[in-house]
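Trainee: I would like a close look at a single part of this protein, explained step by step. Could you take me through it slowly?

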Amino acid sequence: MLNSYSDFSVYARHTGVQIADADGYFVGLVAGGYQTGVAQSFTSTRVEFGKDPIAALERTGDLTLDANSFNQNQSFTTAGGGGYYAGSAAESVMDAGDYGSGKYSAAVLVDDWSSGYRVLPVDAGGVYISAASETEFFAGTDSTTVSVVGGSGATSKTEVDTNVRVDLGKNVSFSAMQVDIDAFNSAYQIQNPYFSGFSSSVYGAGGGAANGSAGLSYQNLKNLTAEVILGKNGVLKISDLAWLDSTYDHNITIDANTDFYVYDESKLEIGGALQGAGAESDVDVKTRNKITVGEGYNIYNPVGEIGIGTYSRGSAVAQANVSVWAAAGVAGGVSDVYLDVLNQVNIGKNAIINSYGDVGIYSGRASNYFQENQLTSNALANVYNWTAIPIPAGNKAKSNISLTNKVEFADGFAVGSDSHVFIEAK
């Protein structure tokens with residue numbers, strides 16, 4: 001029962017912090033070691049709101065549904081070897097994702113309601129519905145070998161696959177003085193990790209007569225999705241009495257957006273007689289920001305503005321840094337960055353959007369028009385072969401951004417305003 005004057009608030013919160021550390025050192029005439037550190041989290045934080053709530057007419061209390069998830073995963077691996085014949089390998093792994101299919105990292109899920117709520121929506125002062133997920137991550141490796149004959153290998157692997165959703169079911173309807181709905185998903189590589197000695201994702205070192213070293217870093221933000229679904233035949237409206245109110249801003253705003261930051265480095269430093277070294281840093285980011293206004297949906301504001309926006313902001317840098325000092329040496333560096341970003345707004349069949357103030361429908365911008373897509377991609381390969389006989393191994397730095405912004409309208413839609421209508425895919 002939602003009574004007349006009290007605020008009704010439901011909060012779901014999750015905070016998880018993991019630090020994994022694996023160390024191994026091996027010394028002998030013949031010595032070898034392999035170490036793996038793993039930090040993983042698969043979680044779901046949800047607010048679930050059921051069928052057909054009983055609410056007092058003309059209730060003035062706020063309605064807040066808020067799900068927020070935070071995960072910080074750090075994995076550190078160190079391996080070292082020394083001897084006549086020696087080798088060492090280190091692998092550090094970080095995974096973050098949803099708990100399972102349909103169990104989103106963060107979600108507000110409202111069940112289907114009866115059709116009568118279209119005529120008598122649930123009243124509130126303000127309606128605030130939010131789902132947000134943040135993942136902070138670091139996977140660092142350090143592998144060092146000093147020997148007459150030997151090799152070292154270091155690998156950093158990160159994968160983030162999270163979904164954030166606000167889903168208002170069929171016939172879900174609200175009448176309020178202000179409506180704010182948003183889905184936000186973010187992932188950030190930690191630049192000041194728990195163990196301060198790790199200044200890069202991969203660090204490899206080797207020395208001796210004949211040695212080979214490799215450093216591979218894979219930072220894969222496999223999926224960051226933020227989605228808002230307004231179900232079939234629902235209503236979002238500002239009360240006809242809002243002109244008498246001075247407390248709320250009387251706007252309807254709906255946003256779905258993602259944020260990310262990756263600054264990655266794979267670094268090798270090698271010295272000796274005959275040496276070979278190769279470093280690679282790969283960064284892949286895929287984001288999806290979607291808002292769906294369902295079939296027959298009605299968004300109405302007789303006083304203020306209506307804004308709908310999807311956008312993504314982020315920066316990704318990959319660096320492969322190699323330095324070799326030897327009589328003869330092979331050195332190579334590869335870096336690759338690929339950003340794949342989709343912003344999409346779908347207006348369903350026979351949906352109606354009508355406002356006294358401006359109406360803005362944006363793909364590539366926020367509902368308030370001020371925030372917008374901001375994407376940076378940079379790949380660097382720095383190879384220094386300080387040898388008497390340098391042997392190139394092929395160096396490559398490649399950076400790509402694929403950006404798609406779409407606003408799609410089904411048959412029979414209507415968009416109107418007593419002021420201005422802005423529709424933009426940019």
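Leaving aside its neighbours within four places in sequence, which residues is Tyr300 in contact with? Please begin there and work outwards.

Mentor: Happy to! Keep in mind that this is a predicted model.

Let's begin with your residue. Beyond its neighbours within four places in sequence, Tyr300 is in contact with Leu236, Lys237, Ile238, Asp240, Ile252, Ile306 and Asn354. Tyr300 itself lies in strand β11, which covers residues 298-301. Is Tyr300 buried or exposed? The answer is in between: Tyr300 is partly exposed, because its relative accessible area is 28%, and buried would require under 20% while exposed would require over 50%. You can also find Val235 beside this part of the chain: the C-alpha atoms of Tyr300 and Val235 are separated by 7.9 Å, although the two residues are 65 residues apart along the chain.

Now pick one contact, Asn354, and follow it. Asn354 is the bridge partner of Tyr300 in β13. The two strands, β11 and β13, pair in the parallel sense over four bridges. On from there, β13 pairs with strand β17 (residues 414-417), again in the parallel sense and over four bridges. Asn354 takes part here too, with Gly416 as its bridge partner in β17. So you can trace a path from Tyr300 to Asn354 and on from Asn354 to Gly416.

While you are at β13, look at its side chains. They alternate along residues 352-355. Ile353 and Ser355 point to one face and are buried, while Ile352 and Asn354 point to the other and are not.

Just before this strand comes the loop between β12 and β13, where you will find Asn350. What is the phi of Asn350? Its phi is near 65°, a positive value in a residue other than glycine. That deserves a second look, because most residues other than glycine have a negative phi. Asn350 is partly exposed, with a relative accessible area of 40%. A second example sits in the loop between β8 and β9, and this one is Asn233. Asn233 also has a positive phi, of about 65°, although it is not a glycine. Asn233 is partly exposed, its relative accessible area being 21%.

Asn233 brings us to β9, so let's go back to Val235. Val235 in β9 stands opposite Ser173. Strand β9 (residues 235-238) and β7 pair in the parallel sense over four bridges. How many of the residues of β7 are buried? The count is 13 of the 17, so β7 is largely enclosed by the rest of the structure.

Strand β7 also leads to a pocket. Both β6 (122-168) and β7 (173-189) supply at least two residues each to the lining of the largest pocket. About 370 Å³ of space lies in this pocket. Its lining has 19 residues, and the closest to the centre are Glu58, Asp123, Ser175, Ser239 and Leu241. By class, the lining is made of nine nonpolar, four polar and six charged residues.

Another contact of Tyr300, Ile306, takes you to the second largest pocket. About 180 Å³ of space lies there. Of the 14 residues that line this second pocket, Ile306 is among the closest to the centre, together with Glu305, Gly307, Ser367 and Asn368. Which strands each supply at least two residues of its lining? They are β10 (252-293), β12 (306-347) and β14 (359-363). Strand β14 gives the most, with three residues. This lining divides into six nonpolar, six polar and two charged residues.

Let's finish with two asparagines in strands. Asn346 has its place in strand β12. A polar contact of 3.3 Å joins its side chain to that of Gln344. Apart from neighbours within four places in sequence, Asn346 is in contact with Ile291, Thr292, Val293 and Glu408. The other is Asn223, found in strand β8 (residues 202-230). Asn223 is buried, with a relative accessible area of 11%. Its side chain makes a polar contact of 2.6 Å with the side chain of Thr225. Setting aside neighbours within four places in sequence, Asn223 is in contact with Val160, Asp161, Thr162, Asn163 and Lys286.

Terms used:
Residues are numbered from 1 along each chain as its sequence is written. This is a predicted model: local features need pLDDT of at least 70, side-chain atom pairs count only at pLDDT 80 or more; totals for chains, interfaces and linings use all residues. Side-chain values use heavy atoms; hydrogens and water are left out. Buried means under 20% relative accessible area, exposed over 50%, partly exposed in between (1.4 Å probe, protein chains only). A polar contact is a pair of N or O atoms within 3.5 Å; within protein, one must be able to donate a hydrogen and the other to accept it, and residues adjacent in sequence count only if both atoms are side-chain atoms. Contact means heavy atoms within 4.5 Å. Two strands pair if DSSP finds at least two bridges between them. On a 1 Å grid over the protein atoms alone, a cavity is a set of points where a 1.4 Å probe fits but cannot get out, and a pocket is an open set with protein on both sides within 12 Å along at least five of seven lines; lining residues have an atom within 4 Å of a point. Grid points are joined across faces, edges and corners, and a volume is the space filled by probe spheres set on the points. Ala, Val, Leu, Ile, Met, Phe, Trp, Tyr, Cys and Pro count as nonpolar, Asp, Glu, Lys and Arg as charged, and the others, Gly among them, as polar.
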